[in-house]
Amino acid sequence: MGLLARKGFSYYNRHAFDFLLTLFLSTLVDYICKPPEVRINLNKTMENARNVTTIESLSLHGDVVIHCRNTNDTMFSWDVSTVDNTNKQFLPFITLADNVKKITIGPRKLSLGFHYIRFVAEMRREEGTRAYDYGYIRIVLPDLEPIVSGPSSIVKGSGLMVLNGEKSFDPNVDGPSRYQGLNFTWYCRRENEDYSNISSLPVNLPMGRSRDKGGCFGLGPGRLSTRTKQLILDPAEMKAKLHYVVDLVVNKGERTSRFGSHRFYVISALQFFIK
């Protein structure tokens, strides 16, 4: 009985040992070389895609944490898939770079619209160790640049004042063509005013309105009738001893710029001659 008991004890212990050894070795192998942890700093949805203009460079960095005791030799790949603007389908992947953690995508390298960026890391000669992270970017046109030049002061009654917007440009276009195809809208106000409540009518044309509402010509702050790149103002129609601001907005197609501003002071003739 004692011998049988010892044999039975030995038999079951051996199988328990074999089971535990197998479990240990499989865990050890799994621990020896797991897929790396991979991360890139891009948002995961098109709704939150990072906007990048056509004139910007985009630098990306892949963070990688290795969990492999067999090797540190890691293969990297940066890939991009363009999202079709009409049906939102993903086009075939194109490799941007291999075996680098950092890449820079230069200006105008990608078309307008959404792009899916993927960073892949894999331990060399180790199966099942491939991992990746991804994110979206959106290539957009840059803002138009409104630029106004002109005098910083003028004496009332000394003649007309000319402001020029001819240096306004489209940064997406190179050469002389960057100054072409722009539409101009001019606004005028006193320095302490804004455009929160402006008239739909041009504020430099009275059209029977009383001149008691501030602005540059007494008709309130707002849009001027001029639509060309050059603006001509008559300071004789403006109150002296005040600072004024002319704002220029340029548009091209569906793009509209921010304000390009020019500040100037109207000097009274009496004040000028006393000096």
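Here is a chat about how some labels in this predicted model follow from its numbers.

Me: What makes Cys-33 and Cys-68 a disulfide?

Reply: Their sulfur atoms are 2.0 Å apart. The cut-off is 2.5 Å, so the pair counts as a disulfide. The link is left-handed, with -95 degrees about the S-S bond. Cys-33 sits in strand β1 (residues 33-40) and Cys-68 in strand β3 (residues 58-68), so the bond joins distant parts of the chain, 35 residues apart.

Me: Why are Cys-33 and Cys-68 called buried?

Reply: Buried means under 20% relative accessible area. Cys-33 has 11%, so it's buried. Cys-68 has 9%, so that one's buried too.

Me: How do you know that Cys-188 and Cys-216 form a disulfide?

Reply: Check the sulfur atoms again: they are 1.8 Å apart, and the rule asks for within 2.5 Å, so the pair qualifies. This link is left-handed as well, at -80 degrees about the S-S bond. It links distant parts of the chain: Cys-188 is in strand β11 (residues 183-190), while Cys-216 is in the loop between β11 and β12 (222-223), 28 residues apart. Cys-188 has 0% relative accessibility and Cys-216 has 2%, so both fall under the 20% limit and count as buried.

Me: What pattern do the disulfides follow, and how many are there?

Reply: The count is two, and the pattern is 1-2, 3-4, with bonded cysteines counted along the chain.

Me: Why is Val-162 called partly exposed?

Reply: Val-162 has 38% relative accessibility. That lies between the 20% and 50% limits, so partly exposed is the label. Val-162 belongs to strand β10 (residues 161-164). Together with Leu-160 and Ile-232, Val-162 makes a nonpolar surface patch of about 270 Å².

Me: What makes up the largest nonpolar core?

Reply: It has 23 residues, and Leu-163, Trp-186, Leu-224, Leu-231, Leu-233, Val-246 and Phe-264 touch the most other members. At least two residues of this core come from each of β10, β11, β13 (230-233), β14 (242-252) and β16 (260-267). The largest share, four residues, comes from β14. Take Leu-231: leaving aside neighbours within four places in sequence, Leu-231 is in contact with Met-161, Val-162, Leu-163, Trp-186, Leu-224, Thr-226 and Val-246. Apart from the largest core lies another core, of 20 residues, including Val-52, Val-64, Ile-103 and Ala-131.

Me: Why is Leu-42 called buried?

Reply: Leu-42 has 6% relative accessibility, and buried means under 20%, so the label holds. This residue lies in the loop between β1 and β2 (50-53). Beyond four places in sequence, Leu-42 is in contact with Arg-50, Leu-60, Ile-117, Tyr-134, Gly-135, Tyr-136 and Ile-137. Leu-42 and Ile-117 are 75 residues apart along the chain, with 8.5 Å between their C-alpha atoms.

Me: What makes Asp-170 and Lys-252 a salt bridge?

Reply: The N to O distance is 2.9 Å. The rule is within 4 Å for a side-chain nitrogen of Lys or Arg and a carboxyl oxygen of Asp or Glu, so this pair counts. Asp-170 is in the loop between β10 and β11 and Lys-252 is in strand β14, 82 residues apart.

Me: Which of these labels fits Asp-170, buried or exposed?

Reply: Buried: Asp-170 has a relative accessible area of 1%, and the limit is under 20%, so there's no argument. Its partner Lys-252 is at 23%, between 20% and 50%, so Lys-252 is partly exposed. Salt bridges that share partners join Asp-170, Lys-252 and Arg-255 into one network.

Me: How do you know that Arg-263 and Glu-191 meet in a salt bridge?

Reply: Their N to O distance is 2.3 Å, and the cut-off is 4 Å, so they make the list. Arg-263 lies in strand β16 and Glu-191 in the loop between β11 and β12, so the pair ties together parts that are 72 residues apart in sequence. At 44% and 38% relative accessibility, Arg-263 and Glu-191 both count as partly exposed.

Me: How many salt bridges does the rule give?

Reply: The count comes to nine.

Definitions and conventions:
Residues are numbered from 1 along each chain as its sequence is written. This is a predicted model: local features need pLDDT of at least 70, side-chain atom pairs count only at pLDDT 80 or more; totals for chains, interfaces and linings use all residues. Side-chain values use heavy atoms; hydrogens and water are left out. Buried means under 20% relative accessible area, exposed over 50%, partly exposed in between (1.4 Å probe, protein chains only). Patches are made of residues with over 30% relative accessible area and no salt bridge: like charges are joined within 9 Å, nonpolar side chains (Val, Leu, Ile, Met, Phe, Trp, Tyr) within 5 Å. Accessible areas come from the Shrake-Rupley method with a 1.4 Å probe; for residues, only the protein chains shown count as cover. A nonpolar core is a set of buried Ala, Val, Leu, Ile, Met, Phe, Trp, Tyr and Cys residues joined through side-chain atoms within 4.5 Å. Contact means heavy atoms within 4.5 Å.
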